[in-house]
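Me: I would like to learn how to read the boundary between two domains. Please take me through it step by step.

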Amino acid sequence: MNKVVKNFLKGLKGEITIPADKSVSHRAVILASLAKGKSIIKNFSKGKDPLSSLEVCKNLGVNASFDANLEINSTGKLLAPISKLDCGNSGTTMRFMAGVLAGQNFNSVLIGDESLSKRPMKRVIEPLTLMGADIKSENFKSPLQIFGKNLHSIEYNSKLASAQVKSCILLAGLNCDGKTVFSEPYISRDHTERMLKYMGANIYSNKNTVTISKSELEPKTIEISGDISSAAFFIVAALIVPNSKIILKNVGLNPTRTGILDVVKMMGGNLTILDEKEISGEPVGDIQVEYSQLKACKIEGEIIPKLIDELPVIAVLATQAIGTTTIKDAQDLRNKESDRIKSTVSELRKLGADIDEVEDGFIINGKVPLKGGCEVETYQDHRLAMSLYVAGLICEKEIFINGFEWVDISFPEFEELFEKLKSPH
Ligand code: S3P
């Protein structure tokens, strides 16, 4: 699908509710499938990725019905699938399920789409193998053939700060005798730890180390808050589109995800958090943000895992900040749905940005007017598609985004919500 985006310099105004967090939705459906009994998931994401997790769980014998809420009924024991398990575009589904399936008493095969089949799986195959797993892959890429084995606990020091790797090992450890201990160089998002605790697992965290022991999960009602990674597109849009002032309601504010708010602060953006509370073990609040004069900043080190998915749209933001913004230590961006360093640089340059690629990030000089008047590519990457849309709101001439349908992977409501802020009542 080709999307034409015209600039909107009148300003975004009004209030919207941000749809459910994709990361938390994956965890809710997978953990509810492992708990014996009925779990109710309120506000499950409509993105294609969490739906891939739901389909995989259904193919493992879990009952699910969608009404106002998603209801999961499970015996707590998964059944051997009759076909290959399709994770679609979702790395989270594949890496989490590898941890769940490696310790089952049946075999299974995880497959994915073209983009997922190119993504690295060594990061989960290696530690799972140390736990006794038997996984065959295509040179550490999917399809993953998993031969179910009895796993044993390990202590694992991950070189990567990755919530997907951490969650995979915690899910495998949930089924092992002894203590499974996972450490990472910087803390990555901790939704899995919080939800496991909420569902009664024997788990505790100390700084960057998490320890889990064999546990039975209790079914629960889980309410999912809005996705800060989705809110990020509106935050950046309001900061760079003149005359904007908006409120984003119901945004998850887990401190392992709020790196973008710290960046906005460093850049001098006008952003306020209103009405903070806690829902199902996660902090939530409303965000008010308005058009601001921005200054460049340095983004590196331990903040990176806290904003990893926001970096393409932060690159758009940096084009409008005065000075040179440097983004470092983000080499894993090259392993996302696209090589996000290469794809972000090539497409923003087409629009007129002054942005350079470095091995582990970007160098962006601002403030530069974006000219537009051209076609851009999304490389089958939902976050790049949405970042380009945001850039299009300030381009002098209209832009044409090829492959805009990829937005549905995480955020099918994206455009409708922008329309609402363009014509508030
Ligand atoms: C995710 C973790 C991050 C993130 C991805 C979702 C999760 O990946 O980029 O979109 O839900 O745990 P990594 O763990 O590979 O950094």
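Reply: What follows is a short reading of the two domains and the boundary between them. Keep in mind that this is a predicted model.

Me: Which residues belong to domain 1 and which to domain 2?

Reply: The domain assignment places 22–223 in domain 2, while domain 1 is written as 2–20 + 226–422. The centres of the two domains, taken over C-alpha atoms, are 28 Å apart.

Me: How is the size of an interface often given?

Reply: A common way is to state the accessible area that is lost when the parts come together. Here, about 2500 Å² is buried between domain 1 and domain 2, and carbon and sulfur atoms give 49% of that area. On the domain 1 side, A20, S280 and I409 supply 21% of the area buried against domain 2, more than any other three residues.

Me: How many residues of each domain are in contact?

Reply: Domain 1 has 31 residues in contact with domain 2, and 31 residues of domain 2 take part in turn.

Me: How many salt bridges and polar contacts are there between domain 1 and domain 2?

Reply: The count of salt bridges between the domains is three. In the model, the side chains of R189 and D309 form a salt bridge, with 3.2 Å from N to O. Polar contact is found for 16 residue pairs between domain 1 and domain 2, counting pairs with both residues at pLDDT 80 or more.

Me: What does the side of domain 1 that touches domain 2 have, by class?

Reply: That side has twelve charged, ten polar and nine nonpolar residues. Strand β17 (282–290) and helix α11 (382–392) each supply at least two residues of this side.

Technical notes: Residues numbered from 1 in each chain as written. Predicted model: local features only at pLDDT ≥ 70, side-chain atom pairs only at ≥ 80, totals over all residues. Heavy atoms only, no water. Domains from an automatic or database assignment. Contact = heavy atoms within 4.5 Å. Buried area = accessible area lost by both parts, 1.4 Å probe. Salt bridge = Lys/Arg side-chain N within 4 Å of Asp/Glu carboxyl O. Polar contact = N/O pair within 3.5 Å; in protein donor to acceptor, adjacent residues only side chain to side chain. Helix = DSSP H or I, 4+ residues; strand = E, 2+ residues; numbered from the N terminus. Nonpolar A, V, L, I, M, F, W, Y, C, P; charged D, E, K, R; others polar.
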